[in-house]
Every structure is written in structure tokens, then in C-alpha cells.
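User: I would like to learn how to read the features of a protein model one at a time, with the general idea before the particular case. Could you take me through one?

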Amino acid sequence: MTTTEKEAKGDMKNLVASIGTTLDRFISQRQQEFPYAKGELSQILRDISLAAKVVNKAIMGSGLIGIEGPAGERNVQGEDQQKLDIVANVRFIRALTRGEEVCAIISEEDEEMIDTGNHDAKYIVAMYPLDGSSNIDANIPIGTIFSIYRRKSPIGTPPTVEDVMQKGANQVAGGYILYGSSMILTYTTGFGVNSFTYDHTIGEFILSHANMKVKELGNIVSYNEGNYNDFSEGTKAYLTYCRNQKYTARYVGSLVADFHRNLLKGGIFFYPATSKAPNGKLRLLYECNSLAFVIEQAGGKATNGKGRILELEPHNIHQRSPLIIGSPTMVDDVMDFIKNEHFQ
Ligand code: P6P
């Protein structure tokens with residue numbers, strides 16, 4: 001066995017040995033991955049995992065204590081706010097504020113940037129507290145999506161819009177929580193992708209999928225068939241290609257659920273621009289960027305049909321973008337079909 005093979009075997013042994021590690025211990029073990037951080041970024045990940053446990057408890061019990069269903073309000077997107085949306089938004093903002101490591105938050109539920117008052121903090125968080133919430137009543141999996149950036153403004157001063165208007169390539173961490181048949185927290189800090197499954201019996205997230213890699217080529221295609229007539233000719237041609245390849249169509253209507261399944265099994269999710277949503281439907285800062293960071297770290301790709309998602313410069317905090325994300329060969333195939341089009 002060559003030295004390289006021995007090293008690889010050693011790395012894999014360490015990696016496999018870490019299956020079953022709690023999230024807390026994993027973060028501590030990987031502290032050296034966070035440049036110039038003295039535990040602050042670890043604290044933010046702990047704050048996020050704490051809020052996730054509280055939100056999960058609310059979701060599990062929502063049918064019984066009457067907090068599922070519409071809250072009677074509309075959010076900044078004009079979408080009916082579900083009661084659990086509000087619960088999740090409050091819980092994540094409270095956990096991140098009390099953790100004192102985040103100076104500003106942007107949330108899908110709030111029109112403006114939230115100043116947490118922690119002006120000595122070095123980081124900001126962009127988040128979608130509860131994505132897919134229209135599925136809550138139907139007991140379909142929903143998710144939280146988050147990105148963490150270093151602030152640009154001087155420490156000790158109030159946060160500025162420039163702190164939160166950063167391109168996805170600047171993320172220091174990104175990931176999601178999936179509230180499904182089990183609760184799973186998946187994140188990356190730029191050193192690979194790891195997933196942690198929540199063990200209710202001990203109240204801990206346990207490493208269940210280490211160093212995740214997406215298949216180069218999968219056979220799952222995720223898109224809303226109802227938008228087909230809006231798709232460009234190139235996109236329609238790609239879908240015909242998929243049918244001829246006998247790919248499987250799977251679409252939950254919850255981005256985190258569709259993304260996580262495709263990450264595990266290989267596949268492509270796309271939500272292109274449509275006549276109803278000429279800039280796409282999904283939000284750049286707290287849906288596309290977070291998942292683009294994860295998929296690229298897992299060996300996949302994420303594009304808006306023209307260029308890499310992580311290179312897009314944001315112009316407003318709720319900016320939308322077309323999203324094509326998943327197995328790299330499948331993303332390349334879509335790009336081949338649409339590359340000469342003006343309407344993506
Ligand atoms: P459509 C949920 O509202 C969401 O933001 C994503 O979770 C999901 O992938 C998408 O919108 C579903 O949109 O138009 O297909 O219902």
C-alpha cells in the first residue's frame with residue numbers, strides 16, 4: 001500500500017470513526033477550520049441547532065396545539081404567514097441574538113435587516129426560518145435554510161446593509177435543517193458537507209452522513225410541472241431528454257426536502273424564470289446561496305442558468321433568482337440545452 005493510500009485510509013478511518021459523534025463534539029474537533037474564529041462561529045452553529053430543536057418541538061406538536069395553519073398575516077413576500085413561520089422566525093432570531101455572536105440577521109419573514117444590538121459581534125446570518133411552510137398542514141417535510149458571513153463594517157459599530165449584501169462565495173458557513181421523518185442538520189464551512197440526525201432519546205444531533213458527495217449523474221428531476229408552459233424551449237427540450245433517459249420526477253414543493261433527497265441520491269432541482277416569476281421564485285440570499293455552498297462542497301453545481309449562483313452580486317435582501325442545482329453532469333446538461341437562450 002502506497003503512502004498516499006495509507007494516508008487516504010487513515011483519513012477515511014478518522015472520518016468513519018467520527019460517525020456517531022455529537023454535533024457539539026464535531027464542531028469542537030473541527031475548530032481549526034474556522035480561520036480567525038475563537039469559537040464564535042461554533043457558537044452560532046450551536047445557537048442554530050438549539051433553535052432547530054425548539055422549532056422541531058413546535059412542528060411535532062403543532063397539529064395538537066393549534067399553531068399550524070395561517071396566522072392571518074402576510075409576510076414581506078405577500079405570502080400568507082403560517083403560525084409556525086412566526087414561531088420559527090422568533091426562535092431563530094432570539095437564539096442568535098442571545099448567543100451574542102451575530103450583529104445582524106436578514107430573514108425571509110422580515111422586510112428590513114434586523115440589528116441584534118450585538119455590535120461587537122463579527123458575523124451576520126441570512127436565514128429562511130421555515131421554508132415550504134404552505135406544506136405544514138399537509139404534514140409534508142419543511143426546512144430552515146441559513147448562511148453565515150463575516151461582517152464588513154467595523155466591529156463595535158452598528159451593522160450596515162453592506163454587511164448583509166454579500167455574494168454567496170463570501171459565506172463562512174451554510175446549511176439547512178430538514179424537519180421530516182427525522183430532523184437533520186446539514187452544513188458546510190468550506191471543508192466538506194456533513195449531516196447530523198437528531199436523536200430524541202438524548203436530545204443531541206449525531207453525525208450520520210460524513211463528508212457527503214453528490215453523484216456526478218443521478219436520475220431524479222425536480223421541478224413544478226405546472227410551470228411547463230412557461231419554460232423556455234431549451235428547458236422543455238431538456239425535460240424531453242429526461243423522459244427519453246427515463247429519469248424519475250420527484251417534486252415535494254419544499255425546497256429543503258427536494259434538495260436533501262437529490263444530495264443523497266443524485267439528481268437535479270430547477271426553478272427557472274417563469275412569466276409569473278421573471279427573476280425566478282427562490283430567494284438568492286437565504287435559499288439559493290446557502291444550498292449552492294453545500295452542493296458545491298459536495299461536488300455538485302448551482303447556477304441561475306447564466307452563471308454560478310455563488311458569484312451573483314445581490315442588489316436587495318429579498319432578491320429572487322432562477323435556480324438549477326444538483327449533480328454536476330445534470331446541471332451541465334441543462335446548460336447545454338439553454339446556453340444560447342436569452343430567456344432562462
Ligand atoms: P411552487 C416554498 O414556498 C418554496 O419557497 C420552496 O420551498 C419550494 O421549492 C418552492 O417554493 C415551491 O414553489 O411554485 O412550485 O409551489
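Analyst: Let us begin with a loop: N139 is found between strand 5 (123-131) and strand 6 (142-150). Please keep in mind throughout that this is a predicted model.

User: What is the sign of phi at N139, and is N139 buried or exposed?

Analyst: The general idea is that most residues other than glycine have a negative phi. Phi of N139, however, is near 60°, a positive value in a residue other than glycine, and N139 counts as exposed at 73% relative accessibility. E100 can be read in the same manner, since E100 also has a positive phi, of about 65°, although it is not a glycine. E100 is found in the loop between helix 4 (83-99) and strand 3 (102-107), and at 55% relative accessibility E100 counts as exposed because the cut-off for that class is over 50%.

User: Before going further into single residues, how many helices and strands does the protein have, and what share of its residues is buried?

Analyst: The protein has nine helices and 15 strands, and buried residues make up 55% of its 344 residues. Among the contacts with a separation of 6 or more, 64% are between residues 24 or more positions apart. The protein exposes about 15,000 Å², of which carbon and sulfur atoms supply 51%.

User: How should I read the two faces of a strand, and which residues lie on each side of strand 8?

Analyst: In a regular strand the side chains alternate between the two faces of the sheet. In strand 8, M183, L185 and Y187 lie on one side and I184, T186 and T188 on the other, and all of them are buried, so that both faces are covered. Put as a count, six of the six residues of strand 8 (residues 183-188) are buried.

User: With which strands does strand 8 pair, and in what sense?

Analyst: Strands of a sheet pair through backbone hydrogen bonds, either parallel or antiparallel. Strand 8 pairs in the antiparallel sense with strand 7 (residues 173-179) over six bridges, and with strand 9 (residues 193-199), again in the antiparallel sense, over five bridges. Strand 7 and strand 8 form a hairpin with three residues between them, and Y179 has M183 in strand 8 as its bridge partner. Strand 8 and strand 9 also form a hairpin, with four residues between them, and G190 in that turn has a positive phi of about 95°; the bridge partner of T188 in strand 9 is V193.

User: Where is H260 found, and which residues does H260 touch?

Analyst: H260 is found in helix 7 (residues 255-265), and H260 is buried, with a relative accessible area of 4%. Not counting residues up to four places away in sequence, H260 touches Y176, L178, I184, T186, S195 and M212. One of these, Y176, makes a polar contact with H260, side chain to side chain, at 2.6 Å.

User: How many residues of helix 8 are buried?

Analyst: A general point about helices comes before the count: an α-helix has 3.6 residues a turn, so residues three or four places apart point the same way. In helix 8 (residues 284-297), twelve of the 14 residues are buried, including L284, E287, L291 and I295. Helix 8 is followed by G299, whose phi is positive, near 90°.

User: In what order do the strands of the open sheet run?

Analyst: Five strands form this open sheet in the order 12-11-13-15-14, with mixed pairing. Its edge strands are strand 12 (248-249) and strand 14 (301-303), each of which pairs on one side only. Within the sheet, strand 11 (residues 220-222) and strand 13 (residues 268-271) pair in the parallel sense over two bridges, and V221 has I268 in strand 13 as its bridge partner.

User: Finally, how many residues surround the ligand, and which classes do they belong to?

Analyst: The ligand is surrounded by 13 residues, of which D131, N224, Y251, L255 and Y271 are the closest; by class, the shell has five nonpolar, four polar and four charged residues. As for distances between polar atoms, a side-chain N or O atom of Y251 is 2.5 Å from an oxygen atom of the ligand, a polar side-chain atom of N224 lies 2.8 Å from a ligand oxygen atom, and for K281 the corresponding distance is 3.0 Å. Taken alone the ligand exposes 400 Å², and the protein buries 84% of that.

Technical notes
Residues numbered from 1 in each chain as written. Predicted model: local features only at pLDDT ≥ 70, side-chain atom pairs only at ≥ 80, totals over all residues. Heavy atoms only, no water. Buried < 20%, exposed > 50% of the residue type's maximum accessible area, 1.4 Å probe, protein only. Contact = heavy atoms within 4.5 Å. Areas by Shrake-Rupley, 256 points an atom, 1.4 Å probe, with all protein chains shown as cover. Polar contact = N/O pair within 3.5 Å; in protein donor to acceptor, adjacent residues only side chain to side chain. Pairing = 2+ DSSP bridges. Near = heavy atom within 4 Å. Nonpolar A, V, L, I, M, F, W, Y, C, P; charged D, E, K, R; others polar.
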